[in-house]
Amino acid sequence: MMILGTLALLYGRGVPSESKIATTYVEMKEIKGAFEEATVLNKIAYDIDSAVLYEEIRIPKAETSTYSSVLGTSSTGDYYYLDFTSSRKLENALDLENIKNDYLINIQNMEIYSIKGVGVKSGDVIEVKYEFNEIEKYYKNTFKK
């Protein structure tokens with residue numbers, strides 16, 4: 001019995017969690033929708049080092065070099081750090097619930113990146129995906145058949 005338990009544990013290690021992939025995808029989709037709505041309503045203003053949401057919530061501009069492993073080399077423009085884990089202010093302002101991860105967003109072109117990323121299985125290899133479109137594509141191809 002112990003051998004089977006050990007094998008199950010070792011086999012499961014490193015395998016992408018379907019729930020983590022789904023949770024991250026849903027969070028990113030909701031965040032994108034909330035920012036699209038705020039943009040349409042002209043509820044986002046910009047200053048030198050932050051975006052101001054609904055005239056009350058400051059979203060700091062991210063130093064892209066700090067997040068180069070997340071953003072890659074082809075990302076351009078200003079990215080803002082969406083801090084959902086240390087405060088609920090942003091979540092409340094955007095009328096979102098249960099956002100458990102932090103993200104980067106380029107508000108101009110609605111590119112969203114997960115800070116932690118999610119592991120996805122590609123053949124025998126597990127890759128980490130950060131960008132919303134990549135996570136969405138994997139989610140739809142894998143779970144929505």
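**Sheet, helices and cores of a predicted model**

Trainee: In what order do the four strands of the open sheet stand?

Mentor: The model is a predicted one. Its open sheet is built from four strands, and their pairing is antiparallel. The order of these strands is E4-E5-E6-E7.

Trainee: Which strands stand at the edges of that sheet?

Mentor: An edge strand has a single partner, so one of its sides is left without a neighbour in the sheet. This applies to two strands, namely E4 and E7.

Trainee: By how many degrees are neighbouring strands of this sheet turned against each other on average?

Mentor: The angle is taken with strand direction ignored, so that antiparallel neighbours can be described by their turn alone. On average, the turn between neighbouring strands is 35 degrees.

Trainee: Which strands of the sheet does H2 touch, and what angle does its direction make with that of E6?

Mentor: H2 packs on the sheet and touches E4, strand E5 (103–106), E6 and E7. With the direction of E6, that of H2 makes an angle of about 155 degrees.

Trainee: Which strands does H5 touch where it packs on the sheet?

Mentor: The direction of H5 makes about 130 degrees with that of E7. E7 is one of the strands in contact with this helix; the full answer is E6 and E7.

Trainee: How many bridges join E6 and E7?

Mentor: Strand E6 covers residues 111–122 and strand E7 covers residues 125–131. Within this pairing, Val 120 has Glu 127 as its bridge partner, and Ser 122 stands opposite Val 125. The two strands pair in the antiparallel sense, and the number of bridges is six.

Trainee: Which residue in the hairpin of E6 and E7 takes a positive phi?

Mentor: The hairpin has two residues between its strands. The phi in question is near 70 degrees, and the residue that takes it is Gly 123.

Trainee: What distance does H2 reach from its first C-alpha to its last?

Mentor: Helix H2 runs over residues 18–40, which gives it 23 residues. At 1.5 Å a residue, 33 Å is expected, and the helix comes close to that value. After H2 comes Asn 42, with a positive phi near 55 degrees. The span of H2 itself is 33 Å.

Trainee: Which residues of H2 are buried?

Mentor: An α-helix has 3.6 residues a turn, so residues three or four places apart point the same way. That is a useful background for reading the list. The buried residues of H2 are Ile 21, Thr 24, Tyr 25, Glu 27, Met 28, Ile 31, Ala 34, Phe 35 and Ala 38.

Trainee: How many aromatic pairs are there?

Mentor: A pair of aromatic rings is described by the distance of the centres and the angle of the planes. Ring centres must lie within 6.5 Å for a pair to count. By this rule, the number of aromatic pairs is five.

Trainee: Is the aromatic pair of Tyr 25 and Phe 132 stacked or edge-to-face?

Mentor: The ring centres of Tyr 25 and Phe 132 are 5.9 Å apart, with 5 degrees between the planes. Planes under 30 degrees apart count as stacked. The pair of Tyr 25 and Phe 132 is therefore stacked.

Trainee: How many residues apart in sequence are the parts that this pair ties together?

Mentor: Tyr 25 belongs to helix H2, whereas Phe 132 belongs to helix H5 (residues 132–143). Tyr 25 counts as buried because its relative accessibility is 4%, and Phe 132 is also buried, at 4%. The separation in sequence between the parts tied together is 107 residues.

Trainee: Is the pair of Tyr 46 and Tyr 80 stacked or tilted?

Mentor: The centres of Tyr 46 and Tyr 80 lie 6.0 Å apart, and their planes make 45 degrees. Tyr 46 is in strand E1 (residues 44–46) and Tyr 80 in strand E4 (residues 80–82), 34 residues apart. At 38% relative accessibility Tyr 46 is partly exposed, while Tyr 80, at 2%, is buried. The pair of Tyr 46 and Tyr 80 is tilted.

Trainee: Which element supplies the largest share of the largest nonpolar core?

Mentor: This core has 30 residues, and Ile 31, Phe 35, Ile 59, Leu 82 and Phe 84 touch the most other members. H2, strand E2 (50–53), strand E3 (57–60), E4, E5, E6 and H5 each supply at least two of its residues. The largest share is seven residues, and the element supplying it is H2.

Terms used
Residues numbered from 1 in each chain as written. Predicted model: local features only at pLDDT ≥ 70, side-chain atom pairs only at ≥ 80, totals over all residues. Heavy atoms only, no water. Pairing = 2+ DSSP bridges. Expected span 1.5 Å × (residues − 1). Buried < 20%, exposed > 50% of the residue type's maximum accessible area, 1.4 Å probe, protein only. Phe/Tyr/Trp six-rings, centres within 6.5 Å; stacked < 30°, edge-to-face > 60°. Axes fitted to C-alpha atoms, helices over the stretch in contact; angles between N-to-C directions. Contact = heavy atoms within 4.5 Å. Core = buried A, V, L, I, M, F, W, Y, C linked by side-chain atoms within 4.5 Å.
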